[in-house]
Every structure is written in structure tokens, then in C-alpha cells.
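Fancy a few short exercises on a protein model? Keep the viewer open and try each task before you read its solution.

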Amino acid sequence: MNRLACALLALAALLTTGAAHAERKRCLSDCKPRIGIVSAFGAEADILLEQTQGKRDWRINGNRFTTGVLRGNPVVIVLSGVSMVNATMVTQLMLDHFHVERLLMSGIAGGVNPANHVGDVVAPATWAMPMEVYWNGDGSLPAACGNAGDVACLGLKLATDNGQARPDYRFDTPGGKVSSGMFMRDSFVMSAATAPGGEFRFEFQADAQMLALARTLQPALATCGPKNPALCVSTQPALKVGGRGISGTAFLANAGYRTYLYETLQAQLVDMETAAFAQVAYANGVPFIAFRSVSDLAGGNDFKDVGAFFGSGLAETNEAKVTLVFLEAWKRRR
């Protein structure tokens, strides 16, 4: 009887260990270790897909995931569709169905830092979601739970800088600045490492090793895109690594809000997917990096090179070039 009990306990332990291992690896569809690459829409990933060898398509909940080898690295590539929600769902699907060791986001974005130019490719060190806000009725610091700045009873936490709530956005009016009452919030994250309480975070860090490798790259970036070679930028595009990227559900075409984001957060660029992708990566413990090529100055009609992207495909060409050069270097490193 004791032998039977011991055998059953050993079997239970084995099954538990196996279940935990399966949970870590997931790979409901394919268990080969890969780099997962996510882009928002077709033009951003087409160049990468064209150069992927040994392609195989997988249809998962209607989404097409393509596995193969790109620049010597086993990869799985997917288009998320524009928006934070789409990026979240598709990235989690990828992690559940494939053995993804690292994640890479490749695409275009609107410039926030006016020092960045059309065609530049930026790999921010952190990603935040400043459009996650507590929208107060006026410009006073929210005090829903008693004290100024305390919203914990609502399950929320205001974003802070050196212990102080970040300032709300203020509209420019003929009579001066008018407070919007929109105060940035931290994002709540649940993960195996933080359960059962979870945690609040304002931003998510890209992988230090991947960033370090990106800093060594010297890609030859184009000044004219392939769709209309007559449209060229006046400043040679460059790869820039570091700083903060931001994402939100709004398509940003507001110069005043763009200025606020730059002055308040020193943000480099803005898109509608990467910070959500970054949160999924963080919650699942998967290292990530994101390469975003500047397509225009978000909300800036004065950005004279804006036509170079829309008319020639320059931005997606350069982000694909950086992604390919990075993958080549990553293969050599490994």
C-alpha cells in the first residue's frame, strides 16, 4: 500500500512538473524556439515576409502566423492590426501557440521629439501608455479616496515622477492655458512573478541585451523610398537607441498634445501598438525590443518631409532594414 501511495505521489509530481513546463513553453501549435515579430499592418511586414525562407502559415483565430527562417533566425511573424487591443490579443496568441524566446516589434510611428526626422528608426529603452488617464472634472489633483492624489480605493494609481503626480494636459486657448483634468495613470499588471497582488507600472523596459546590440548597428538607411524615388528627405535618416516611446488608443494629430508629451515625458515617438505589446511581453517574462521608423511629426503640418513617407514608403523600408540588420547581428552573437 505504501509503495502504491509513493508511486501515485511520484506520478502526481511528474504530471505537475510537466504541466508547469508546458505552461512555461506553451507552444500549442509549434514548439520550435523562435523570435516572434509583430507588425501592425501589411506594409510594415511585407519586406520581412518576402525574405523569410521555408515559410509555413498557421491560421489561429483568423490571424495568419508565418513561421520560417529570417537572416538565420527561426521566426514567427504576424500582423496584429492597428490598435492597442489588437496588439495585445495577437501578441498573447503568439506566445500561447509558439515557443517564443524573444519578441520584436517592427513598424512605423509618429514623431514626438522634434529632433527626430522622417526615416529615422528609433529603438526606445522604455514604453509607456500616457493616454491611460484619470479624467478629473477640473485641474485639481484627483482625491477620490480622501487625500489629493489618492485613487487607490478605485483600484487605480496615478503616474508619478519623483513622488509627484505628473501634470495634466492643458489646452491652448485665446485666453491662455485651460486644464483638461486628464492625469496619467500607471497600468495594472498581473504576472506569475507578481501574483496574487499584481503591480502598477508606468512603463515597460526593453531588453538590455537587445538594446546593447542595437547600439552597435550601423545600417545604411535610405533617404528615398522605393514607391516614389523622387520624394526624398533632406536629412540622412539614422538609427537612434534609447529614450521613451509611447502608445495610445488615439491616432495623434494634435500638435499641442504632442508638445505636452514631449515636455512632460521626453517621448521620442508615438504609435498605437507597442506599449501594449510591451506589457504582454513583460507579463509573460519574454524579453523584447521595438524598432519604429518615424513617418511624420504627429500632428505637425509644418513637418516638411511628411510627404516622403506617404509617397515613397521610406519609413517602412528603413524599419525593415534595421530589423534585418539586427537579426543578422543577433544570429552572429548567438
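Below are six exercises, each with a worked solution.

Before you start, note that this is a predicted model, where local features need pLDDT of at least 70, side-chain atom pairs count only at pLDDT 80 or more, and totals for chains, interfaces and linings use all residues. Residues are numbered from 1 along each chain as its sequence is written, and side-chain values use heavy atoms, with hydrogens and water left out.

**Exercise 1: the whole chain**

Task: Find how many helices and strands the chain has, and what share of its residues is buried.

Solution: Start with the elements. Helices (H or I, at least four residues) and strands (E, at least two) are DSSP runs, numbered from the N terminus. On that basis the chain has eight helices and 20 strands. Next, burial: buried means under 20% relative accessible area, exposed over 50%, and partly exposed in between (1.4 Å probe, protein chains only). Of the 334 residues in the chain, 50% are buried. Finally, look at contacts, meaning heavy atoms within 4.5 Å. Among contacts with a separation of 6 or more, 74% join residues 24 or more positions apart.

**Exercise 2: confidence along the chain**

Task: Work out which element has the lowest mean pLDDT and which has the highest.

Solution: First, the term: pLDDT is the predictor's confidence in each residue, from 0 to 100. The chain average is 88, and 88% of the residues score at least 70. Now go element by element. Helix α1 (residues 2-25) comes lowest with a mean of 47, while strand β7 (residues 126-128) comes highest with 98. Then zoom in on residues 12-24: pLDDT stays under 50 there, and the model gives this stretch zero contacts beyond four places in sequence.

**Exercise 3: two helices that meet**

Task: Describe how helix α3 and helix α6 cross, and which residues make the contact.

Solution: Two packed helices are described by the angle between their axes and the distance between the axes. Axes are lines fitted to C-alpha atoms, for helices over the stretch in contact, and angles run from 0 to 180 degrees between N-to-C directions. Here, the axes of α3 (residues 84-97) and α6 (residues 274-283) come within 8 Å and cross at roughly 35°. The contact involves M84, T88, T91, Q92 and L95 on the α3 side, with A275, A276, F277 and V280 on the α6 side. Sort these residues by class, with Ala, Val, Leu, Ile, Met, Phe, Trp, Tyr, Cys and Pro as nonpolar, Asp, Glu, Lys and Arg as charged, and the others, Gly among them, as polar. You should get six nonpolar, three polar and no charged residues.

**Exercise 4: a threonine in a loop**

Task: Is T52 buried or exposed, and what does T52 touch?

Solution: Locate T52 in the loop between α2 (42-50) and β2 (53-60). With a relative accessible area of 5%, T52 is buried. Leaving out residues up to four places away in sequence, T52 touches T67, G68, V69, L70, V75 and I77. A polar atom of its side chain also lies 2.8 Å from the backbone oxygen of L48.

**Exercise 5: unusual backbone spots**

Task: Find what is special about the backbone at N61, at N162 and between A195 and P196.

Solution: Begin with N61, in the loop between β2 and β3 (63-70). Its phi is near 55°, a positive value in a residue other than glycine, and N61 is exposed at 70% relative accessible area. Move on to N162, in the loop between β9 (160-161) and β10 (164-165). Phi of N162 is near 55°, and this residue is exposed at 77%. Last, the peptide bond from A195 to P196 is cis, with omega near 0°; P196 sits in the loop between β14 and β15.

**Exercise 6: one loop, two residues**

Task: Decide where V151 and G155 lie, and whether V151 is buried or exposed.

Solution: V151 is in the loop between β8 and β9, and G155 is in the loop between β8 (133-135) and β9. V151 is buried, with a relative accessible area of 2%, whereas G155 is partly exposed at 46%. Beyond four places in sequence, the contacts of V151 include Y134, P142 and L158.

How values were computed
A polar contact is a pair of N or O atoms within 3.5 Å; within protein, one must be able to donate a hydrogen and the other to accept it, and residues adjacent in sequence count only if both atoms are side-chain atoms.
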